[in-house]
Amino acid sequence: MMNLITWLLRIAVFVLLAVFASKNSQPVTLQYYLDQSIDLPFSVALLIFFALGALITALFVRCRCHSSE
């Protein structure tokens, strides 16, 4: 039963993200140093920064868990 609930939640999150991505496809320009820039859809830019934040958080949590032992 718990497995079914987990899969239903995964499907719901996927549908929410798909609708969000389809509604936020306007291009945004990310500016870098030395006048470099890149154009990405807004949803892709948010996904990249969300993934980077999750990765950094996972690394710090892992480091904190290993250092406390």
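## Close-ups of a predicted model

**View 1. Asp35, out on a loop.** At 78% relative accessibility, Asp35 counts as exposed, because the cut-off for that label is over 50%. This is a predicted model, so take each view here as a prediction. Asp35 belongs to the loop that runs between S1 and S2. Have a look at its backbone too: phi at Asp35 is positive, about 60°, even though the residue is not a glycine. As a rule, most residues other than glycine have a negative phi.

**View 2. Leu34, also in the loop between S1 and S2.** Leu34 sits in the loop between strand S1 (27-31) and strand S2 (37-41). Is Leu34 buried or exposed? It's exposed, with a relative accessible area of 78%. Leu34 is not a glycine, yet its phi is positive, at about 60°.

**View 3. The nonpolar surface patch.** Here's a stretch of greasy side chains to pick out: Met1, Met2, Leu4, Ile5, Leu8, Leu9, Ile11, Phe14, Val15 and Val19 make up a nonpolar patch on the surface. Together they have about 1,100 Å² of accessible area. Zoom in on Ile5, one of the patch residues, and you'll find it in helix H1, which covers residues 2-23. Ile5 counts as partly exposed because its relative accessibility is 39%, between the 20% and 50% cut-offs.

**View 4. The largest pocket.** How big is the volume of the largest pocket? It comes to about 180 Å³. Around it you'll see Leu17, Phe20, Ala21, Ser43, Val44, Leu46, Leu47 and Phe50 as the lining. Both H1 and helix H2 (42-67) chip in, with at least two lining residues each. Which helix gives the largest share of the lining? That's H2, with five residues. As for chemistry, the lining has seven nonpolar residues and one polar residue, with no charged ones.

**View 5. Ser43, a pocket-lining residue in H2.** Ser43 is part of the lining of the largest pocket and lies in helix H2. With a relative accessible area of 13%, Ser43 counts as buried, because that label applies under 20%. Now find Pro27 in the same frame: Ser43 and Pro27 are 16 residues apart in sequence, and their C-alpha atoms are 8.9 Å apart in space.

Technical notes: Residues numbered from 1 in each chain as written. Predicted model: local features only at pLDDT ≥ 70, side-chain atom pairs only at ≥ 80, totals over all residues. Heavy atoms only, no water. Patch = residues over 30% accessible without salt bridge, like charges linked within 9 Å, V, L, I, M, F, W, Y side chains within 5 Å. Areas by Shrake-Rupley, 256 points an atom, 1.4 Å probe, with all protein chains shown as cover. Salt bridge = Lys/Arg side-chain N within 4 Å of Asp/Glu carboxyl O. Helix = DSSP H or I, 4+ residues; strand = E, 2+ residues; numbered from the N terminus. Buried < 20%, exposed > 50% of the residue type's maximum accessible area, 1.4 Å probe, protein only. 1 Å grid on protein atoms, 1.4 Å probe; cavity = no way out; pocket = protein on both sides within 12 Å on 5 of 7 lines; lining within 4 Å. Points joined across faces, edges and corners; volume = space filled by probe spheres on them. Nonpolar A, V, L, I, M, F, W, Y, C, P; charged D, E, K, R; others polar.
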